[in-house]
Amino acid sequence: APDLIRRHTPAGLRERPQWVCWRYETEPGGRYRKVPCDPRTGRPASTTDPATWGTFAEACQCQRRYSLQGIGYVFAADDPYCGVDFDHVIDDGKIEQWALDYVRQLNSYTERSQSGTGLHIVTRAELPPYGRKKGPVEMYTAGRFFVCTGDVLDGYTTIRDAQEAVNLLHRETFGEAQPAPQPVARTAQPPVTLADAELLAKPRACKGGKYAALLDGNLTGYPSQSEADLALCHGLAFYAGGDPGTV
């Protein structure tokens with residue numbers, strides 16, 4: 001409910017112009033997805049285009065004007081916030097213990113999701129460049145939006161710094177980053193130095209006579225002079241050992 005969101009959403013989020021509305025859209029197979037909407041026009045918004053976001057007040061007004069499902073906050077690279085989403089962790093009003101343990105460690109603003117079966121947590125923290133979604137856990141600092149409900153978990157009404165707890169959750173969910181594979185160094189081959197006559201004698205001696213025919217100007221089987229020239233160049237490069245000086 002808009003009034004619930006106004007009362008409970010932290011000022012740090014309300015003051016930033018990173019708000020959108022949202023509506024349901026049916027996907028093939030009958031599933032629903034939440035589509036962000038521009039809070040000034042009601043048209044589809046993009047979580048990577050700030051021109052399609054607006055203020056908290058604009059989002060609230062747009063939601064009423066176009067009878068949209070609700071409003072949401074877009075995480076961006078230039079804000080200090082990290083969003084943590086625990087999906088399907090509430091059953092019959094009870095939070096799964098593992099999720100509740102992380103909520104306590106993060107100790108930051110937490111609200112129940114729009115479905116009532118998940119949790120959205122907002123902290124001040126950064127994320128490593130890898131690992132964003134695995135199983136019921138999602139973690140974002142940019143390019144995503146959280147549907148806001150204002151249905152706050154008791155005792156978790158304030159956004160707090162939680163870098164250490166975020167690091168722990170990320171590491172236990174996604175593991176340590178693997179080092180990038182190093183390029184294999186190629187061993188330099190000694191140049192093949194051949195006289196012109198010696199180099200040209202090699203393709204002429206080749207069985208089948210393909211390169212010999214090309215050397216004699218026979219382009220049979222090639223659609224153009226360019227393709228024939230390229231084929232001959234490949235052959236000469238092979239017999240010269242890839243040495244550009246010889247070719």
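# Paired strands, packed helices and empty spaces

User: Which residue in strand 2 is the bridge partner of threonine 26?

Analyst: Threonine 26 is matched with tyrosine 32 there. Happy to go on, with one caution: this model is predicted, so local features need pLDDT of at least 70 and side-chain atom pairs count only at pLDDT 80 or more, while totals for chains, interfaces and linings use all residues. Residues are numbered from 1 along each chain as its sequence is written, and side-chain values use heavy atoms, leaving out hydrogens and water.

User: What makes strand 1 and strand 2 a pair?

Analyst: Pairing requires at least two bridges found by DSSP. Strand 1 (residues 19-26) is joined to strand 2 by 6 bridges, so the two are a pair, and they run antiparallel. Cysteine 21 is also placed, with cysteine 37 as its bridge partner in strand 2. The two strands form a hairpin with 5 residues between them, and glycine 29 in the turn has a positive phi of about 95°.

User: How do you know that strand 1 also pairs with strand 3?

Analyst: There are 4 bridges between strand 1 and strand 3, again antiparallel, so the requirement is met. Tryptophan 19 stands opposite tyrosine 73 in strand 3.

User: Why are strand 2 and strand 11 called edge strands?

Analyst: The open sheet here has 4 strands in the order 2-1-3-11, with antiparallel pairing. Strand 2 (32-37) and strand 11 (144-147) each pair on one side only, which earns them the name. From one strand to the next, the twist averages 45°. Helix 3 (residues 56-65) packs on this sheet, touching strand 1 and strand 3 (70-75), and its direction makes about 35° with that of strand 1. Touching implies contact, meaning heavy atoms within 4.5 Å; the angle is taken between N-to-C directions of lines fitted to C-alpha atoms, on a scale from 0 to 180 degrees.

User: Which strands are at the edges of the sheet with 5 strands?

Analyst: That open sheet is ordered 7-8-4-10-9 and is antiparallel too. Strand 7 and strand 9 (133-134) each pair on one side only. Between strand 7 and strand 8 there are 4 bridges, with arginine 112 matched to leucine 119 in strand 8. Helix 4 (residues 97-106) lies across strand 4 (81-86), strand 7, strand 8 and strand 10, at about 165° to strand 4. Helix 5 (residues 163-174) touches strand 4, strand 8, strand 9 and strand 10, and its direction makes about 130° with that of strand 10.

User: Why is one empty space called a cavity?

Analyst: On a 1 Å grid over the protein atoms, a cavity is a set of points where a 1.4 Å probe fits but cannot get out. The structure holds 1 cavity of 30 Å³ or more, and the largest has about 60 Å³ of space. Its lining residues (an atom within 4 Å of a point) include Leu13, Tyr73, Phe75 and His120. Strand 3, strand 7 (109-112) and strand 8 (119-124) each give two or more residues to this lining.

User: What makes a space a pocket instead?

Analyst: A pocket is an open set of points with protein on both sides within 12 Å along at least five of seven lines. The largest pocket has about 780 Å³ of space. It is lined by 24 residues, and the closest to its centre are Arg33, Lys34, Asp85, Glu138 and Arg144. Strand 2, strand 10 (137-140) and strand 11 each supply at least two lining residues.

Methods
Grid points are joined across faces, edges and corners, and a volume is the space filled by probe spheres set on the points.
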